[in-house]
Amino acid sequence: MVKTAERLKSIELSQIRKMFEVCDENAINLGIGEPDFDIPENVKIAINEALDEGFTKYTSNKGFLELREEISKKLKSDNKLSFDPESVMVTVGASEALYICAQGLFEKGDEVLIPDPGFLSYKACVDLSEASPISVEAKIENDYKLKFEDLEEKITSKTKAFIMNSPSNPTGAVMDKEDIKAIADLATDNDFIIISDEIYEKIIYDTKHYSPGEFSDNVIVINGFSKTYAMTGLRIAYLASQNEMVEELLKIHQYSTACASSISQVAGYEALRGPQGYVKSMVKEFKNRRNLISNGLEELGLKCTPLDGAFYAFPQVENAAEYVQKAVGVGVITVPGSGFGQSCDSNVRMSYANSYENIEEAINRLGKIQ
């Protein structure tokens, strides 16, 4: 058998997917981060109309212009970011956007700061680029919010980028404005780039989201439609940055996927320009579920920090690997924290992107763990 590339040896398959595959039909899955809502009705109609009209050909590499115009408007109105349509690239999910950034920016000898706990794809993408991932611990005493000082002490002459995620997967933490601004200033002063994963931007409860792009030009914003509009399978997202940066990153996108699905682009376009009541209703329901799982975990004696955004709880347990197996035994799928960072061996990630009734039953089942 022909050997695979050496760089693949440091890459492990996702713990999330591994747990998903052991799920039987009677288990309640708190492992997967996927909204259980259907896509908005107006988006369904737009997709069907586009199919009837034969909108199934290639679009421009960056995405069709009308969609990029809507994204540009959204970034201006929601995030105070001034990116014209030529500074926007539509991608095959936020995962492709992240991979594009890693391949286009990082190389051997670079150091890339990643949050710990943080989404498992960050380290994998850095490893595949042959740069060095440097963990920045988000301390539990700060409710897992990354602080300016945490990052500052990790910066060296080799620092190329910081991958930021607020609201956070897996912790549900939302960073404070003053830390986001201070980190943006650090990026400007030390000439590194912030790759800001803002995919959970709209799923936020009692606080507010801020983008570092508001405070520095050294930022690539990644956002999309998977979480906000429950379009996970349509694989549609985007990145935005200075035009010169986007033109360079386009080389990776052009030779890997050419363009995002035309039909998925129509879905994104309609989602942005249509009524937003769907999003508000979904977030209201997520907040109810957040309260349910937070209170339930507290009653089980599992310590959990405030859940300000996204749809994850990240409670502490004595032994995560053991707890996950015991949870499987009572019919609940969770994910061990070890996949999310070096400091997470005593954490378990639970997604409350599931029905209220299922979460209630999952808490009851978890209460049977001895």
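Q: Before we get to H5, what counts as a helix or a strand here?
A: Helices are DSSP runs of H or I with at least four residues, strands are DSSP runs of E with at least two, and both are numbered from the N terminus. Please keep in mind that this is a predicted model.

Q: OK, pockets then: what volume does the largest one have?
A: The largest pocket has a volume of about 740 Å³, and its lining is made up of 27 residues, of which Glu12, Leu120, Lys123, Ala124 and Gly339 lie nearest its centre.

Q: And which elements give two or more residues to that lining?
A: Helix H4 (93-105), strand S3 (111-116), helix H5 (120-129) and strand S4 (132-137) do so, with H5 supplying the largest share, namely 7 residues.

Q: How does that lining divide by class?
A: The lining of the largest pocket holds 12 nonpolar, 11 polar and 4 charged residues.

Q: Switching to closed spaces, how many cavities of 30 Å³ or more are there?
A: There are 2 of them in the structure, and the largest encloses about 110 Å³ of space. Of the 17 residues lining that largest cavity, Pro115, Pro117, Tyr144, Asn165 and Ser168 come closest to its centre.

Q: Which strand gives the most to it, and what are the classes of the lining residues?
A: Strand S5 (residues 159-165) gives the most to the lining of the largest cavity, with 4 residues, while by class that lining divides into 12 nonpolar, 4 polar and 1 charged.

Q: What lines the second largest cavity?
A: That cavity, with a volume of about 30 Å³, is lined by Pro40, Asn42, Val43, Tyr229, Glu270, Ala271, Pro275 and Tyr278. Helix H2 (41-52) and helix H9 (262-273) are the elements that give two or more residues to this lining, which by class has 6 nonpolar, 1 polar and 1 charged residues.

Q: Different topic: what is the strand order in the open sheet of 3 strands?
A: The order is S9-S12-S11, and the pairing is antiparallel. Strand S9 (312-313) and strand S11 (335-336) stand at the edges with a single partner strand each, so one side of each is left without a neighbour in the sheet.

Q: How many bridges pair S9 with S12, and what stands opposite Tyr312?
A: S9 and strand S12 (residues 348-351) pair in the antiparallel sense over 2 bridges, and Tyr312 stands opposite Ser351 in S12.

Note on methods:
Residues are numbered from 1 along each chain as its sequence is written. This is a predicted model: local features need pLDDT of at least 70, side-chain atom pairs count only at pLDDT 80 or more; totals for chains, interfaces and linings use all residues. Side-chain values use heavy atoms; hydrogens and water are left out. Two strands pair if DSSP finds at least two bridges between them. On a 1 Å grid over the protein atoms alone, a cavity is a set of points where a 1.4 Å probe fits but cannot get out, and a pocket is an open set with protein on both sides within 12 Å along at least five of seven lines; lining residues have an atom within 4 Å of a point. Grid points are joined across faces, edges and corners, and a volume is the space filled by probe spheres set on the points. Ala, Val, Leu, Ile, Met, Phe, Trp, Tyr, Cys and Pro count as nonpolar, Asp, Glu, Lys and Arg as charged, and the others, Gly among them, as polar.
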